[in-house]
Amino acid sequence: MFHRILVGVDGVSSSDGALRLAARLAAPEATIVVVHVLRAGGPTTIGHRPRLRLRERTTAVLERARELLGDRAGVEYLTPVAERVADGLHRVADGYRCDLIVVGASRRDGVAAAVLRGDAAATIRRAPCPVAVVPPLDG
């Protein structure tokens, strides 16, 4: 069982699987840190409408995580800003001294795709703890 688990979520269905796996792997007194990384230089830094849409999407992503985790104690919700999703996840995992990062893979994109595409080997190597990737659930 793990005591500090970071779960990367982004609103795609594979995030649900990552949340469920984290809940199963968590010790009863564990802290689960739910992280939705906002891209630096993205819609957070331009006009009002994109910022409003981003806020609505972020709220929806975190509300879905709250629904799935229920009233479990020891859950924190964060929205760090980073140039790359992997950088944001790693920074939070390091700061919280997480012993596991869980992300969901999807067929096209999402948190796991951002972590695994491009410089995949370097991204995995730089993680401050093990990374579990939940396979796509959408067939």
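**Exercise 1. Determine which residues Thr 31 contacts, leaving aside its neighbours within four places in sequence, and decide whether Thr 31 is buried or exposed.**

*Solution.* Step 1. Once neighbours within four places in sequence are set aside, Thr 31 is in contact with His 3, Arg 4, Ile 5, Gly 74 and Glu 76. These contacts are read from a predicted model.

Step 2. Thr 31 is located in strand 2.

Step 3. A residue is called buried when its relative accessible area is under 20%. The value for Thr 31 is 17%, and Thr 31 is therefore buried.

**Exercise 2. Describe the largest nonpolar core and state which element gives the largest share of this core.**

*Solution.* Step 1. The largest nonpolar core has 20 residues. Those with the most contacts inside it are Ile 5, Val 7, Val 9, Leu 19, Ile 32, Val 34 and Val 102.

Step 2. Two or more residues of this core come from each of strand 1 (2-8), helix 1 (14-25), strand 2 (26-35), helix 2 (48-69), strand 6 (100-104) and strand 7 (131-134).

Step 3. Strand 2 supplies the largest share, 5 residues.

Step 4. Leu 19 serves as an example: not counting residues up to four places away in sequence, Leu 19 touches Val 7, Val 9, Val 34, Ala 65, Leu 68 and Leu 69.

Step 5. Another core, of 14 residues, lies apart from the largest one; among its members are Val 37, Leu 89, Val 92 and Cys 129.

**Exercise 3. Establish how many disulfides there are, using Cys 98 and Cys 129.**

*Solution.* Step 1. A disulfide requires two cysteine sulfur atoms within 2.5 Å.

Step 2. For Cys 98, the nearest cysteine sulfur belongs to Cys 129 and is 6.0 Å away. For Cys 129, the nearest is that of Cys 98, at 6.0 Å. Neither Cys 98 nor Cys 129 is in a disulfide.

Step 3. The count is 0 disulfides.

Step 4. Cys 98 is buried, with a relative accessible area of 7%, and Cys 129 is likewise counted as buried at 11%.

**Exercise 4. Examine how strand 7 pairs with strand 6 and which way the side chains of strand 7 point.**

*Solution.* Step 1. Strand 6 and strand 7 pair in the parallel sense over 4 bridges.

Step 2. Ile 101 has Val 131 in strand 7 as its bridge partner.

Step 3. The side chains alternate along strand 7. Ala 132 and Val 134 point to one face and are buried, whereas Val 131 and Val 133 point to the other and are not.

Conventions
Residues numbered from 1 in each chain as written. Predicted model: local features only at pLDDT ≥ 70, side-chain atom pairs only at ≥ 80, totals over all residues. Heavy atoms only, no water. Buried < 20%, exposed > 50% of the residue type's maximum accessible area, 1.4 Å probe, protein only. Core = buried A, V, L, I, M, F, W, Y, C linked by side-chain atoms within 4.5 Å. Contact = heavy atoms within 4.5 Å. Pairing = 2+ DSSP bridges.
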